[in-house]
Amino acid sequence: MAVPRPRARRVRWWKSKPFDVAQFTLLTGLVVWLTWRGAAGMEYRWQWHRLPQYFYEIIDGELLWGPLVYGLMVTIEIAAWGMVLALIIGLITAILRLSDSFAGRIVSTVYLEIIRNTPLLVQVSIFYFVLQPILGINNPIWTGILCLAFFEGTFASEIMRAGINSVPRGQWEAGSTIGLSRTKTYIYIILPQAIPLMLPPLTGIMVNLIKHSAILSFIAVFELTTEARNLIGDTFMSFEVWFVVGPMYLILTISLSTLVGWMERRVRARQ
Amino acid sequence: MTDSETMIVMSGVNKWYDDFHVLKDINLSVRQGERVVVCGPSGSGKSTLIRCINRLEEHQAGSITFKGIELDEDTKNIAEIRTEIGMVFQQFNLFPHLSVLDNCTLGPIKVRNASRADAEALAMEYLERVQIPDQADKYPSQLSGGQQQRAAIARSLCMKPEVMLFDEPTSSLDPEMIKEVLDVMVDLAESGMTMICVTHEMGFARTVADTMIFMDEGRIVEEGPPEGFFNAPKSERTKLFLSQILSH
Ligand SMILES: Nc1ncnc2c1ncn2[C@@H]1O[C@H](COP(=O)(O)OP(=O)(O)OP(=O)(O)O)[C@@H](O)[C@H]1O
Ligand SMILES: [Mg+2]
């Protein structure tokens, strides 16, 4: 039977690069135009020139950071501490789930099920209205960090469990036969092999922490979103502020992904 | 044979995987310096047998003692006992994220608290012995199968074990690399090491074995010195097995 000869592949015009670029430009233009039209329609007064002072001001030759920069710093602080705690909580949970201890498996399962099956906003409320006074935390930022860490810890534990499980059983056995304890096998053999596998999905958690930290504006933590809302309350520049704050989050998350991608390639290259 | 020379005793050992009876009434005693070769068809329980000796697998009935210490769930210092029992796997199981040298020094440093310098000197001595000192700084993935298995042997030897267990150490190697590994094992046997080897390399078995063991369906069917084992096996199943394996 004759097989039809494949025809030489022609690049269709609607799949070509210039068309892609044209498409993108057109789309962006359309969005901008629609926004502008909409704003004009409601007689929105653009005041972009007033925005820079909320980033920084120079008074008497001294540089003072504005609320948007402070908010950004707090967001980064929340994400960084949240990440550290989420990693610790995730690792402990993953190891408990993989352990032979019945109590350990119960504790980790109950934690995972509760966090997974309730809304984050409810968790934030419980942490703020119930746990904060009970634990005597005097700064809501720590309540917020703790809450987000427990929330993201569930994802971290899942990623870590998968990473740990993907190290072959023979590695455990080889560790045992040279006399390493379970803990030492984890530290010197299993985790060094599992961590490079965990890194890319764990970036997702850091990105989530940055995004979900916005929910803490609900409990009066002065992170970026809270600062933005307050600013709008004072100035009524809602379009300008949100158009700037959105990209600020974007820049943060994208540069983070890029950084981790680079780290990952370095770890791979070493092996 | 006096008691002081006896290293490993298995008596009435039985083991099940759920309903599956893998080891049936295993009685075996291994003297210091004895070389035991275990053979038998696939699935007969050879791996399970030797993995019970360092408790990678747990037995459910009978007793296993190593130098008089009973191995069961009450054994306190199982990790310490394991350092005296070296094991070499079919799949090598080298640590891929560590160089060959670090594979060898990890145990001495982290378990025996040796200094890095001492551990490295010891590792180089054994890498020399298995004839791959020039591979010390490479990662396992950069080595041939034969070199990897010799590195794994060196890693075990660095713990100065009193007995070495081998589970089909040459089965996943290309034919041209089998000899280099067997040579190392013969050398080890000649140095007086107590060894229990699961292998189908009958040439090796004839050279080094003091005792041959044939297993089938979870039982030790035949046990004895190699002359009798190869020339006049008592059991029909042993005869059949040997005729199949030697005709290859
Ligand atoms: N973890 C396990 N769970 C259930 N059954 C198992 C397990 N490990 C081994 N078995 C079964 O026990 C039997 C004996 O296995 P074992 O690995 O000891 O055989 P073997 O003689 O070493 O075979 P081979 O020559 O293929 O390595 C086999 O039938 C195997 O399927
Ligand atoms: Mg086997």
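Colleague: In chain A, how far apart are the mean positions of the positive and negative charges?
Modeller: Bear in mind that this is a predicted model. Chain A carries 23 positive and 16 negative charges. Take the mean position of each set, and the gap between the two comes to 20 Å.

Colleague: And in chain B, how far apart are those mean positions?
Modeller: Chain B has 24 positive and 38 negative charges. Here the mean position of the positive set and that of the negative set are separated by 1 Å.

Colleague: What radius of gyration does chain A have?
Modeller: Start with the yardstick: a compact globule of 271 residues would come out near 18 Å. The C-alpha trace of chain A spans about 80 × 75 × 40 Å along its principal axes. Set against that yardstick, the radius of gyration of chain A is 25 Å.

Colleague: In what order do the elements of chain A run from the N terminus on?
Modeller: There are nine helices and two strands to place in chain A. Reading from the N terminus, the order is α-β-β-α-α-α-α-α-α-α-α.

Colleague: How many helices and strands does chain B have, and what is its radius of gyration?
Modeller: The secondary structure of chain B comes to nine helices and ten strands. For 248 residues the globule rule gives 18 Å, and chain B is close to that, so it is as compact as a globular protein of that length. Its C-alpha atoms fill a box of roughly 55 × 45 × 40 Å along the principal axes. The radius of gyration of chain B is 18 Å.

Colleague: What share of the residues is buried in each chain?
Modeller: Chain A has 271 residues, and 39% of them are buried. For chain B, with 248 residues, the buried share is 56%.

Colleague: How much of the accessible surface belongs to carbon and sulfur atoms in each chain?
Modeller: Chain A exposes about 16600 Å², and carbon and sulfur atoms supply 67% of it. Chain B has about 10900 Å² of accessible surface, where the carbon and sulfur part is 46%.

Colleague: What share of the contacts in chain A, counting separations of 6 or more, comes from residues 24 or more positions apart?
Modeller: For chain B, looking at contacts between residues at least 6 apart in sequence, 65% join residues at least 24 apart. For chain A, the share from residues 24 or more positions apart is 70%.

Colleague: How many disulfides are there over all chains?
Modeller: Take Cys39(B), which is buried at 0% relative accessibility. The closest cysteine sulfur to its own belongs to Cys197(B), and at 12 Å that is too far for a bond. Over all chains, the disulfide count is zero.

Colleague: Is Thr177(A) buried or exposed, and which residues is it in contact with beyond its neighbours in sequence?
Modeller: Thr177(A) belongs to helix H6 of chain A, residues 169-177. Buried means under 20% relative accessible area, and Thr177(A) has 5%, so it counts as buried. Leaving aside neighbours within four places in sequence, its contacts are Asn54(B), Leu56(B), Arg82(B), Thr83(B), Ile85(B), Met87(B) and Phe89(B).

Colleague: How far apart are the C-alpha atoms of Ala22(A) and Phe222(A)?
Modeller: Ala22(A) sits in helix H1 of chain A, residues 17-41. It is partly exposed, with a relative accessible area of 40%. Along the chain, Ala22(A) and Phe222(A) are 200 residues apart, and their C-alpha atoms are separated by 41 Å.

Colleague: What is the C-alpha to C-alpha distance between Thr118(A) and Val21(A)?
Modeller: Thr118(A) is in the loop between helix H3 (102-116) and helix H4 (120-135) of chain A. At 31% relative accessibility, Thr118(A) is partly exposed. In sequence, 97 residues separate Thr118(A) from Val21(A), and in space the distance is 43 Å.

Colleague: What is the phi of Asp25(B)?
Modeller: Asp25(B) is part of strand E2 of chain B, residues 20-31. Its relative accessible area is 47%, so Asp25(B) is partly exposed. Asp25(B) is a residue other than glycine with a positive phi, near 45°.

Colleague: Where is Asn113(B), and what is its phi?
Modeller: Look in the loop between helix H3 (100-110) and helix H4 (116-129) of chain B. Asn113(B) counts as exposed, at 65% relative accessibility. Although Asn113(B) is not a glycine, its phi is positive, about 55°.

How values were computed: Residues numbered from 1 in each chain as written. Chains lettered and ligands numbered in written order. Predicted model: local features only at pLDDT ≥ 70, side-chain atom pairs only at ≥ 80, totals over all residues. Heavy atoms only, no water. Helix = DSSP H or I, 4+ residues; strand = E, 2+ residues; numbered from the N terminus. Rg over C-alpha atoms; globule rule 2.2 N^0.38 Å. Buried < 20%, exposed > 50% of the residue type's maximum accessible area, 1.4 Å probe, protein only. Contact = heavy atoms within 4.5 Å. Areas by Shrake-Rupley, 256 points an atom, 1.4 Å probe, with all protein chains shown as cover. Lys, Arg positive; Asp, Glu negative; His and termini not counted. Charge placed at Lys NZ, Arg CZ, Asp CG, Glu CD. Disulfide = S-S within 2.5 Å.
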